[in-house]
Amino acid sequence: MRHRLANPALLTALAAMLTACQTPAPTTGPNRAALPTMERVALGASACWFKSGDPAFAAYKLAPELNSFTGRPRILLVHKGSPESRPLLVVQAEGSPSRLQAFGPMMSEPVAGRIVADVNRWSGGNKACS
């Protein structure tokens, strides 16, 4: 029994239609889940706020709490001399994609705008300091 081959023009048209129906590949970027997001924020805060000797953060100490059983990894900023005191800043993430929150007394100070800008930049994968 002989099989007839389809018209080459028809095959080309079918291939073009199948290609047009395919979903585009997702863009690559940083993992947007809560833990990886907060890991990036903690690394940025450590490097840019503390290891750099930034005077705006000299009186504080970074206390990361990334292993959270509540599903909300977070970082805390506390007074350098009394780490057991209430945090002055809490930055936390929840969900996937993560929803970030920053709150505490430091968010009422002039440095609040910078905190928001830095956290947003680091959470998106940019490692630059301000």
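**Loops, sheet and disulfide**

Colleague: In which loop is Pro-97 found?

Modeller: Helices (H or I, at least four residues) and strands (E, at least two) are DSSP runs, numbered from the N terminus. Pro-97 sits in the loop between β3 (89–94) and β4.

Colleague: What should I know about the model and its numbering?

Modeller: This is a predicted model: local features need pLDDT of at least 70, side-chain atom pairs count only at pLDDT 80 or more, and totals for chains, interfaces and linings use all residues. Side-chain values use heavy atoms, with hydrogens and water left out, and residues are numbered from 1 along each chain as its sequence is written.

Colleague: Which residue does the cis peptide bond join to Pro-97?

Modeller: Most peptide bonds are trans. Here omega is about 5°, and the bond is cis. The partner of Pro-97 in this bond is Ser-96.

Colleague: Which side chain makes a polar contact with that of Ser-98?

Modeller: Ser-98 also has its place in the loop between β3 and β4. A polar contact is a pair of N or O atoms within 3.5 Å; within protein, one must be able to donate a hydrogen and the other to accept it, and residues adjacent in sequence count only if both atoms are side-chain atoms. At 3.2 Å, the side chain joined to Ser-98 is that of Thr-37.

Colleague: Which residues is Ser-98 in contact with, leaving aside neighbours within four places in sequence?

Modeller: Contact means heavy atoms within 4.5 Å. With those neighbours left aside, Ser-98 touches Arg-32, Ala-33, Ala-34, Thr-37 and Ala-93.

Colleague: What pattern does the chain follow along the sequence?

Modeller: The chain has three helices and four strands. Read along the sequence, the pattern is α-α-β-β-β-β-α.

Colleague: What is the order of the strands in the sheet?

Modeller: Two strands pair if DSSP finds at least two bridges between them. The sheet is open, with four strands and antiparallel pairing. Its edge strands, each pairing on one side only, are β1 (60–65) and β4 (99–103). The order is β1-β2-β3-β4.

Colleague: How many bridges join β1 to β2?

Modeller: Strand β2 covers residues 74–79 and runs antiparallel to β1. Pro-64 has Ile-75 as its bridge partner in β2, and Glu-65 stands opposite Arg-74. The number of bridges joining β1 to β2 is six.

Colleague: Which residue of β3 does Leu-77 stand opposite?

Modeller: β2 and β3 run antiparallel and are joined by four bridges. Opposite Leu-77 in β3 stands Leu-89.

Colleague: Which two cysteines form a disulfide?

Modeller: A disulfide is a pair of cysteine sulfur atoms within 2.5 Å. By this rule the count is one. The sulfur atoms lie 1.8 Å apart, and the pair is Cys-48 and Cys-129.

Colleague: How many residues apart are Cys-48 and Cys-129?

Modeller: The link is left-handed, with -80° about the S-S bond. It connects distant parts of the chain: Cys-48 is in helix α2 (residues 34–51), and Cys-129 is in the segment after α3. Along the sequence, they are 81 residues apart.

Colleague: Is Cys-48 buried or exposed?

Modeller: Buried means under 20% relative accessible area, exposed over 50%, partly exposed in between (1.4 Å probe, protein chains only). Its partner Cys-129 counts as partly exposed, because its relative accessibility is 44%. Cys-48 has a relative accessible area of 5%, so it is buried.

Colleague: Which residues is Asp-118 in contact with, beyond its neighbours within four places in sequence?

Modeller: Asp-118 is in helix α3 (residues 112–123). With a relative accessible area of 1%, Asp-118 is buried. Its side chain makes a polar contact of 2.4 Å with that of Arg-121. Beyond those neighbours, Asp-118 is in contact with Trp-49 and Ser-130.

Colleague: How far apart in space are Pro-105 and Leu-88, C-alpha to C-alpha?

Modeller: Pro-105 lies in the loop between β4 and α3 and is partly exposed, at 42% relative accessible area. Leaving aside neighbours within four places in sequence, Pro-105 is in contact with Pro-87 and Leu-88. Pro-105 and Leu-88 are 17 residues apart in sequence, and their C-alpha distance is 5.3 Å.

Colleague: What share of the residues in the chain is buried?

Modeller: The chain has 130 residues. Of these, the buried share is 28%.
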